[in-house]
Amino acid sequence: LEVFQLKDLGLIRPSVDGPAKLDLLRDLGAERPLAGACENLGLAYLRQGEWEKAASTLGRATELARGAGLPGTAARSLHALGNLALYRGRLAEARRRYEEAGVLFQETGDTRGITLHRAGLAAVAYEEGKHLAAADGFARAYRGCLRSHPDLAFEPLVGLLRALLAAGRDRSLRRHLGRLDLLARRTRLPHHRTTFRLFLALVLDHEGEAGKAGPLFSESWEYFRDREPEERFLLKAFALASYLDYRLRHDAVDLTALLDEAREFCGQLHRQGVHALASVRRLEELLASPAASRSEVAGEAAWVAISPSMLRLERQFPRAAASELPVLILGITGTGKSLLAERLHRASPRAGGPLVTVAGGTLPDHLLTAELFGSRRGAYTGSDRDRPGILAQAEGGTLFLDQLEAFSSAAQSAPGSST
């Protein structure tokens with residue numbers, strides 16, 4: 001039996017190598033090794049996204065393990081079946097599988113399994129929208145890991161942060177974020193460091209530091225984008241939904257490529273059978289949102305930021321767009337001041353209103369007040385009807401005073417012009 005390297009069975013070409021080895025073990029009557037081999041092959045199918053094969057193979061592993069008196073193998077197979085049901089959005093089945101596995105983990109005293117059991121039930125609660133219950137479950141799993149399996153503590157802590165953010169409980173976010181940073185530094189795994197930076201971006205955005213969060217969101221998504229859907233697809237979906245949500249709220253300009261990536265990823269998950277998970281539902285909601293439609297319809301030129309000064313501007317942009325204060329844009333001819341003003345308008349809470357542009361030097365000094373604030377019929381020579389002012393036209397939107405230096409000193413100091 002050592003020839004078949006049972007511990008590695010199925011990790012390489014499971015569809016080709018695995019079944020033949022299982023048949024040989026069955027013919028030899030080796031029930032106990034056969035149960036372990038089915039478990040390994042089922043996990044390999046699960047990792048590769050072959051979910052139907054994973055379900056049948058893990059189900060077979062569970063039956064064989066129970067018949068051969070292997071409660072540990074049965075528990076691990078049941079837990080994997082719970083993960084599979086969770087991925088498919090079958091929450092009642094996932095909960096049942098996790099609970100069955102939990103009983104066996106308790107019977108065998110498997111502390112690692114008990115921790116997985118708690119985290120699994122917490123994940124079901126999160127998908128059900130029971131965020132506080134999920135936070136409590138992830139916290140218990142995290143504490144259990146710290147006591148007996150510190151190498152497993154990262155994932156429950158990620159679940160805890162997700163649940164706290166979803167529940168709007170922000171008092172302990174920074175404390176748990178610091179713990180996540182410490183664990184990521186200890187493991188030195190790239191996906192742990194990237195996950196920490198993703199949650200740092202979420203916390204910064206939650207605290208109103210959108211300008212600092214933007215580059216972190218972008219960096220996190222660039223990392224997860226290169227991973228296959230089967231590889232940490234839950235976190236990949238969460239990262240994409242978080243980044244797209246941020247862009248739609250703070251910088252809904254030139255999102256065509258990102259929206260296309262989101263649609264392609266959702267299509268891959270749908271073909272794989274993932275429909276009901278919270279992150280996938282959130283992605284679909286964002287793709288169907290008015291903000292996404294406006295971004296695609298706009299069709300404006302892409303904004304490219306390479307130089308240090310332009311990168312600084314990118315970091316300041318979300319904060320300026322969200323503000324109700326006047327924004328002064330300075331730059332020589334050709335640097336994109338008008339394009340930036342359009343971006344600010346489309347990314348602002350006033351995006352649904354008009355963008356009214358007034359070029360400097362186009363307003364006669366003697367008509368400035370009337371042009372800005374409107375006039376009644378007969379207010380001046382040639383005024384044959386009531387006219388709304390520029391400020392009224394821009395109500396609910398943005399007024400862009402282009403080439404401000406071209407306004408005469410008289411116009412800039414006219415009564416009411418600073419209102």
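## Contacts of T194

Not counting residues up to four places away in sequence, T194 touches S220, Y223 and F224. In this predicted model, the place of T194 is in helix α10, and its relative accessible area of 10% puts T194 among the buried residues, because buried means under 20%.

## The chain as a whole

The protein chain holds 20 helices and two strands. Of its 419 residues, 46% count as buried, while the accessible surface of the protein chain comes to about 21500 Å², with 52% of that area belonging to carbon and sulfur atoms. Among the contacts in the protein chain with a separation of 6 or more, 60% are accounted for by residues 24 or more positions apart.

## Nonpolar cores

In soluble globular proteins, nonpolar side chains tend to be buried together. Here the largest nonpolar core has 82 residues, and the members that touch the most other members are L180, F199, F217, L244 and L283. Helix α12, which spans residues 233-250, gives the most to this core, contributing eleven residues. A second core, separate from the largest one, is made up of eleven residues and includes L70, A74, L78 and A101.

Which residues is L180 in contact with, leaving aside its neighbours within four places in sequence? L180 is in contact with F154, L157, V158 and L161, and also with T195, F196 and F199.

## Helix α9 and its two sides

Helix α9 has 15 residues, and the distance from its first C-alpha to its last is 21 Å, close to the 21 Å expected at 1.5 Å a residue. Its buried residues are L173, H176, L177, L180, D181, L183 and A184. Seen down the axis of α9, these buried residues fall within an arc of 165°, so they line one face of the helix. An α-helix has 3.6 residues a turn, so residues three or four places apart point the same way.

The buried residues of α9 pack against three helices, namely α7 (131-148), α8 (154-167) and α10. On the other side of α9, by contrast, R185 and R186 are exposed.

## The loop after α9

R188 follows α9 and is found in the loop between α9 (173-187) and α10 (190-206). The phi angle of R188 is near 60°, which is a positive value in a residue other than glycine. Is R188 buried or exposed? Its relative accessibility is 73%, and R188 therefore counts as exposed, the cut-off for that class being over 50%.

## T62 in helix α3

A further threonine, T62, is found in helix α3, which covers residues 51-67. T62 is buried, with a relative accessible area of 5%, and its side chain reaches the backbone oxygen of L58 at 2.9 Å.

Leaving aside its neighbours within four places in sequence, T62 is in contact with A74, S77, L78 and L81. Of these contacts, A74 and L78 are included in the second, separate core of eleven residues, and T62 therefore has contacts with members of that core, while threonine is not one of the residue types from which a nonpolar core is built.

Methods
Residues numbered from 1 in each chain as written. Predicted model: local features only at pLDDT ≥ 70, side-chain atom pairs only at ≥ 80, totals over all residues. Heavy atoms only, no water. Core = buried A, V, L, I, M, F, W, Y, C linked by side-chain atoms within 4.5 Å. Buried < 20%, exposed > 50% of the residue type's maximum accessible area, 1.4 Å probe, protein only. Helix = DSSP H or I, 4+ residues; strand = E, 2+ residues; numbered from the N terminus. Contact = heavy atoms within 4.5 Å. Expected span 1.5 Å × (residues − 1). Arc of directions from axis to C-beta. Areas by Shrake-Rupley, 256 points an atom, 1.4 Å probe, with all protein chains shown as cover. Polar contact = N/O pair within 3.5 Å; in protein donor to acceptor, adjacent residues only side chain to side chain.
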